[in-house]
Amino acid sequence: MEFKKLYLMLTMAIILVLAACSGGSEEETATEEEGASEEAASEESAEEETAEDEEASESAETIAYENQFEIGSGERGEEGEATQIDETVELPKNSDKVVIFDLGVASTFKALGLEENIMGLPKGENNASLGDTIADTYESEDYVNLGGLKEPDYEALAALDPEIIMIHGRQSNSAVISELEKAAPNAEIIYVAADNSNYFEDVKAMTTFIGGMYDKQDEAQELVDEMDAKLAEVNEKVTAAELPMLFVQTNGGNLSFHGVGGRYDFLYNDFGFTSAGEQEESEEITDDHGNEISFEFIAETNPALILLMDRGAAVSEGEATSTDVLVNEVTSGVDAIENDNVYELNPQNWYLNAGGYLTAMSQIEELDAAVEGATAE
């Protein structure tokens, strides 16, 4: 009996020892599994943080822009004191929070396939400001209408909270810029308009800049090369044609003339046109709206080619002016009128939306067509 008791006691002791060892092993296994799980979670968290850091680094990358322009005290063209802005601005690269008040530059975004990075632009009433070169893209409701070129919709702008605002000369006055700053305090405001005295070089430079801003340098260079080739081609045609040309701007019944040194000086400097008319010494240099002329002036200058641009149609001030307005007893003997060499230019591209890649290329194509038509036998 004593032996049986001893045997039972030993057996129970062994069972208890084995149970304790088994429990310890399970606890160790559980601890190991828990540790491995924590390590995996830590690695995953580290990877997520690294990805976030890389994304933040990419979004924080900037490109320098030389922001140079004058802020006038009144509207464009009005006399008054001006504040010169000359600064280097760091713009976020690849931004998709851009608003553009320069519709020409909006055409450059389109040419580079970057139109989706634009949040809004001034389309005007019934999209009238866009013109057919860019309307097919920007009339979409995907792009917020920011009002008129001179009267922006500041509430619509504020709702967008953009990072970048690109302006034209029409917005470069203290009143408008002040309101832009209030409506979009987080945005950098930069001046992007092409200068009339350096027109095509500025258009190409802006194309190159936007290409660099969105890592599309190769595409931008292809566009620049294409423009250079077309400029050279049309310049050769103009030089060979030797056509005395008169640039006439109509606005209802009023006629104006744009000559050398004025708003469209590139016609003479870049294309080689010879102006049929000259300003009198008593007249001031041709301004943005040209110098008023008469039918007698057209008859006296006797141009072989007339380039006609209807400002009234561009700014929606009344009905478009027909080329027939130039035809009367006084002008009936003018070469351009007798030979039907009056070419109507696209007023949106020439007056409202000039200064961008697609609009400038459209201008070149129009001049090409005008010279071809005037020299056709």
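Two strands are taken to pair when DSSP finds at least two bridges between them. With that in mind, the predicted model offers a good starting point in strand β8, where Asn251 stands opposite Asn254 of β9. Strands β8 and β9, the latter spanning residues 254-257, are joined by four bridges and pair in the antiparallel sense. The hairpin that they form has two residues between the strands, and Gly252 adopts a positive phi near 70° there.

Strand β8 has further partners besides β9. Strand β12 (residues 305-310) runs parallel to β8, and six bridges join the two. Strand β10, made up of residues 274-275, is also parallel to β8 and is linked to it by two bridges. Met245 is a helpful residue to follow here: its bridge partner in β10 is Ser275, while in β12 Met245 stands opposite Leu305. How enclosed is strand β8 by the rest of the structure? Of its eight residues (244-251), six are buried, with under 20% relative accessible area, so β8 is largely enclosed by the rest of the structure.

Another part of the model holds an open sheet. Five strands build this sheet with parallel pairing, and their order is β5-β4-β3-β6-β7. At its edges lie β5 (144-145) and β7 (188-191), each of which pairs on one side only. The edge strand β7 is joined by four bridges to β6 (residues 164-167), and these two strands pair in the parallel sense. Within this pairing, Ile167 stands opposite Tyr191 of β7. As a general point, strands of a sheet pair through backbone hydrogen bonds, in either a parallel or an antiparallel arrangement.

Turning to the helices, a packed pair is described by the angle and the distance between the two axes. For helix α2 (residues 103-111) and helix α13 (residues 357-375), the axes come within 5 Å and cross at roughly 100°. Angles of 65 to 115 degrees count as roughly perpendicular, and α2 and α13 are therefore roughly perpendicular to each other. On the α2 side, the contact involves Gly104, Ser107, Thr108, Lys110 and Ala111, which meet Tyr357, Leu358 and Thr359 of α13. Sorted by class, the residues in this contact of α2 with α13 are three nonpolar, four polar and one charged.

Methods: Residues numbered from 1 in each chain as written. Predicted model: local features only at pLDDT ≥ 70, side-chain atom pairs only at ≥ 80, totals over all residues. Heavy atoms only, no water. Buried < 20%, exposed > 50% of the residue type's maximum accessible area, 1.4 Å probe, protein only. Axes fitted to C-alpha atoms, helices over the stretch in contact; angles between N-to-C directions. Parallel < 35°, antiparallel > 145°, perpendicular 65-115°, else oblique. Contact = heavy atoms within 4.5 Å. Nonpolar A, V, L, I, M, F, W, Y, C, P; charged D, E, K, R; others polar.
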